[in-house]
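Reader: I would like a close look at one part of this model. Please take me through the sheet and what packs on it.

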Amino acid sequence: MNPAYATTDHFFTVPLDHSLPAGPTIRVFAREVVDPARTGEQLPWLLYLQGGPGGKAPRPSAGSPGWLPQALKTHRVLLLDQRGTGRSTPVTARTASRFDSPARLAAHLSCFRADAIVADAELIRRQLCGDAPWETLGQSYGGFITLTYLSRAPEGLRACYVTGGLPGFTATADDVYARTYPRVRDRVLDLYARYPDDAPRLRRIADLLAAHDVRLPGGDRLTVRRLRTLGLALGMGDGFERIHWLLDESLDEDGRLTDTFLHQVEALTGFTDNPLFAVMQETLYGQGTGPTDWAASRALAGFPEFAEDADPLLLTGEMIYPWMFEEIKGLRPFADAADLLARRGDWTPLYDPHRLAANDVPLAAVVYHDDMYVDAGLSLRTARAVGSARVWVTNEWEHDGVTASGGRVLARLMDLAAGRA
């Protein structure tokens, strides 16, 4: 029992492959959270769909996550560890290494996309709610799952709230990364404008890494390209400061990289807790129209300003590259399987454009005008193609606005969905 919340842990047994209900099973975990003063009330359910892919649900503490107190005013919340994450039969480097072939591991991983998460959610809903529909809050990738949910099982939904996660459901991986690199470039240049010393410091670190074999605490070599992946943080509200203060303590008086810096870089770039983020990232855009074929890596060649010898040195963002599965210890067991996934072209489409156009489930979404991760133009195109969608565009928050706003974003979306705003 958390002092601020009453919580109940739930475990559910679900098929690994929902097309084979009598086949192997996995366990899915979810945590029920309710206001302690309302535990006995019949409150509507709100299912939280975490961003990612590969991210577990937040662990509640007093006032955290920032949207939770607002939600508990009216709802009973279910924090779902999506399959493969947290306490839901997790997929890790250790479990991946147990597979006897890359093909078997790739086949296993193919069961961890949004369509399977939706099928899990429907089994869970029926156990907790019977025939009653519930509401969903989808953050980032959780919004992608929401569109799959509306495509596959809209009868299970009463209303949906999406924060920074309306996907371009007709966009290919190539379309996505062609739009992503310019946004990342602009964000990095904004960082350097705010903190002018950061650009020469990063270049100094990169030159040091190019000239010397620098090892992280776990044994991986820290390369320039791994250093640049720190830019993934820049799309969050505190991203500039996280990078700036990391660089602030990067070099000691002798010009060597500090242990503090190396420890933090390893934690931020190692994917130990969420390998599925890297492994499944481009499968989000697999819609049966051909392989994604390492789209982020291929697109990089079209942006010479991202060259490793460019000045200023540009960080990268939410891009996954083949070299990561060679250089990062936590991803090496996935290397061959990840390549098989990248070359697969027969993915089942995750979205049904016709069903979405006819949608009558209230969908309220916030689109962050300057979102580094999810392209606002693609999100607005999607909003125009989905029935019963209401969209609020704002530049007041970054990608994590639903948490950073202390519940204001969620409150407004609930008003939008109910026709109160």
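Author: Here is the sheet, followed by its helices and one salt bridge.

This is a predicted model, in which local features need pLDDT of at least 70, side-chain atom pairs count only at pLDDT 80 or more, and totals for chains, interfaces and linings use all residues. Residues are numbered from 1 along each chain as its sequence is written, and side-chain values use heavy atoms, without hydrogens or water.

The sheet is open and has eight strands, in the order β1-β2-β4-β3-β5-β6-β7-β8, with mixed pairing. Strands are DSSP runs of E, at least two residues; helices are runs of H or I, at least four; both are numbered from the N terminus. Two strands pair if DSSP finds at least two bridges between them.

β1 (6-15) and β8 (389-394) stand at the edges. Each has a single partner strand, so one side of each lacks a neighbour in the sheet. The twist averages 20° from one strand to the next.

β1 runs antiparallel to β2 (residues 25-34), joined by 10 bridges. P15 stands opposite T25 in β2.

Helix α4 (residues 114-129) packs on the sheet. It touches β1, β2, β3 (45-49), β4 (76-81) and β5 (134-139). Contact means heavy atoms within 4.5 Å. The direction of α4 makes about 125° with that of β1. Axes are lines fitted to C-alpha atoms, for helices over the stretch in contact, and angles run from 0 to 180 degrees between N-to-C directions.

D9 forms a salt bridge with R87 (closest N and O atoms 3.2 Å apart). The term means a side-chain nitrogen of Lys or Arg within 4 Å of a carboxyl oxygen of Asp or Glu.
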